[in-house]
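Biologist: Could you walk me through this model before I set anything up with it? I'd like to go topic by topic.

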Amino acid sequence: MSHLSRKGSGQAAQEGEQGSTYTGWVRAAQANFYRVRIDPALAALFPEIPAQFPAQKPMPAELLCTARAKLKKMGQSVMVGDWVEVGLPPAADSLWPERGVIEAIWPRRTQLPRPAIANVTQVLVVVALAEPDPEPNALSRLLVQAEASQLRVQVVLNKCDRVDPGVAATWVDRLQRWGYEPLLVSAHTQAGIPQLQRCCRDQISVVVGPSGVGKSSLLNRLLPDVRLATQAVSRRLHQGRHTTRHVELFPLPEGGWIADSPGFNAGEGIPPVHPLQLIRCFPEVRDRLGTCQFRDCLHDREPGCGLRDLDWERRTFYLQLLQEAQSGQNCAKGPSRQQEQAVDGWRAFDLNYSRFKWQ
């Protein structure tokens with residue numbers, strides 16, 4: 001996890017040739033440039049950050065920044081959602097806002113590897129009920145990746161106006177058996193949009209999902225002053241086209257922030273979670289873990305396991321993903337640092353998601 005020591009912060013502030021140093025929030029990233037928001041009201045929601053702000057300057061303000069090369073040398077990368085220390089040149093005393101340089105990164109509450117974003121509180125997993133049709137295993141892989149973040153996960157079923165109500169009801173029932181309460185919405189007819197607005201209120205949300213499911217169209221409904229580019233699904237490939245090229249956070253009219261992110265055509269890769277903790281990414285059985293008498297059980301073949309003979313739809317997929325996670329761990333000759341951090345996080349995981357809400 002990237003971090004900033006108090007000593008490093010003081011040194012940065014004392015370097016006269018770099019001018020003033022302030023605290024900001026990375027709102028957007030594209031190529032090698034970052035949009036950093038200087039906003040005391042936003043910083044108040046992160047009391048662990050000892051923020052510094054300019055006196056007698058109009059705020060909130062936004063700085064166009066680059067990152068110090070030393071961060072890359074230290075193995076640190078700036079992510080959207082990061083709280084950072086920004087150094088401004090002496091000319092900033094008379095010119096505001098001004099371009100700045102990201103000197104250091106403060107500790108992250110949470111982070112997602114894909115999309116690369118930090119300090120969010122909620123993951124909105126968006127899938128379409130048609131064009132493209134939902135694929136259960138790809139959706140499950142995406143959900144497991146979202147659950148591995150240990151954030152609140154909300155499933156959004158878009159394009160409900162393009163299918164028979166019975167088809168939509170079948171998917172709602174299915175996801176309820178998986179442990180979710182999905183929202184049926186339509187970016188075209190605005191059905192379910194008020195419920196989605198309430199779900200996002202006072203949260204820092206990130207929207208993820210395959211290309212073509214209508215993520216940008218939904219955001220255009222939630223953000224009346226932002227017009228994101230959209231494209232139709234490819235008729236030849238029956239897949240979505242990538243329209244979002246970078247990660248960017250937008251303020252919601254009702255309060256909170258929401259991020260658009262690049263889509264992808266399938267949930268790929270092994271979730272960053274240790275094999276022993278993989279079962280916790282399946283909410284339909286998470287509450288039953290106490291029925292297993294073994295502490296280090298993989299819940300696959302151990303006699304006497306309380307979950308081994310449990311009848312649940314995604315068991316086969318769980319075993320497949322477990323095998324992938326074990327193979328990946330063996331190839332790496334031990335758990336990766338990302339997996340070790342995931343294990344540490346699960347040890348402190350609280351199923352009461354209310355702790356992620358803004359105070």
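Modeller: What follows goes from the overall fold to the cavity, the core and some backbone details.

Biologist: Fine. What kind of model is it, and how many helices and strands are there in the chain?

Modeller: The model is a predicted one, and the chain contains ten helices and 13 strands. Of its 359 residues, 51% count as buried, and among contacts with a separation of 6 or more, 72% are between residues 24 or more positions apart.

Biologist: How many cavities of 30 Å³ or more does the structure hold?

Modeller: There is one cavity of 30 Å³ or more, and the volume of the largest cavity is about 50 Å³. The elements giving two or more residues to its lining are β8, residues 122-128, and α7, residues 215-222.

Biologist: Which of the elements gives the most to that lining?

Modeller: Helix α7 gives the most, with four residues. The full set of lining residues is L124, V126, V156, L196, V207, K215, L218, L219, L222 and I258.

Biologist: And by class, how many nonpolar, polar and charged residues does the lining have?

Modeller: Nine of the lining residues are nonpolar, none is polar and one is charged. As a general background, nonpolar side chains tend to be buried together in soluble globular proteins.

Biologist: Staying with α7, is the helix mostly covered or mostly open?

Modeller: Mostly covered, since six of the eight residues in α7 are buried. Those buried residues are K215, S216, L218, L219, N220 and L222, and what covers them includes β8, β9 (152-158), α6 (193-200), β11 (204-208) and β13 (257-260).

Biologist: New topic, the core. Which residues touch the most other members of the largest nonpolar core?

Modeller: The largest nonpolar core has 54 residues, and within it V36, I102, I117, V125 and L143 touch the most other members.

Biologist: Take I102, then. What is I102 in contact with, leaving aside its neighbours within four places in sequence?

Modeller: With those neighbours set aside, I102 is in contact with V26, Y34, V36, C65, T66, A67, R68, L71, V78, V84, E85 and V86. V36, which appears in that list, is also one of the core residues that touch the most other members.

Biologist: E85 is in that list too. Where does E85 lie, and is E85 buried or exposed?

Modeller: E85 lies in strand β4, which covers residues 83-87. E85 has a relative accessibility of 1%, and because the cut-off for buried is under 20%, E85 counts as buried.

Biologist: What does the side chain of E85 make a polar contact with?

Modeller: The E85 side chain makes a polar contact with the side chain of T23, at 2.9 Å.

Biologist: Now the backbone. Which peptide bonds are cis?

Modeller: The bond from M59 to P60 is cis, with omega near 5°, and another cis bond joins E131 and P132, with omega about 5°. P60 sits in the loop between α2 (40-43) and β3 (61-67), while P132 is in the loop between β8 and α4 (136-148). For context, most peptide bonds are trans, and most residues other than glycine have a negative phi.

Biologist: Which residues other than glycine have a positive phi?

Modeller: N119 has a positive phi near 60°, and K159 has a positive phi of about 60°. N119 is in the loop between β7 (117-118) and β8, whereas K159 is in the loop between β9 and α5 (165-177).

Biologist: Are N119 and K159 buried or exposed?

Modeller: N119 counts as buried because its relative accessibility is 3%, and K159 is buried as well, with a relative accessible area of 10%.

Biologist: Last one, D161. Where is D161 found, and what does D161 touch?

Modeller: D161 is found in the loop between β9 and α5, and, not counting residues up to four places away in sequence, D161 touches S186, H188 and T189. With S186 there is a polar contact between the two side chains, at 2.8 Å. D161 has a relative accessible area of 33%, so D161 is partly exposed.

Biologist: How far is the C-alpha atom of D161 from that of A130?

Modeller: Those two C-alpha atoms are separated by 9.2 Å, with D161 and A130 lying 31 residues apart along the chain.

How values were computed
Residues numbered from 1 in each chain as written. Predicted model: local features only at pLDDT ≥ 70, side-chain atom pairs only at ≥ 80, totals over all residues. Heavy atoms only, no water. Buried < 20%, exposed > 50% of the residue type's maximum accessible area, 1.4 Å probe, protein only. Polar contact = N/O pair within 3.5 Å; in protein donor to acceptor, adjacent residues only side chain to side chain. 1 Å grid on protein atoms, 1.4 Å probe; cavity = no way out; pocket = protein on both sides within 12 Å on 5 of 7 lines; lining within 4 Å. Points joined across faces, edges and corners; volume = space filled by probe spheres on them. Nonpolar A, V, L, I, M, F, W, Y, C, P; charged D, E, K, R; others polar. Contact = heavy atoms within 4.5 Å. Core = buried A, V, L, I, M, F, W, Y, C linked by side-chain atoms within 4.5 Å.
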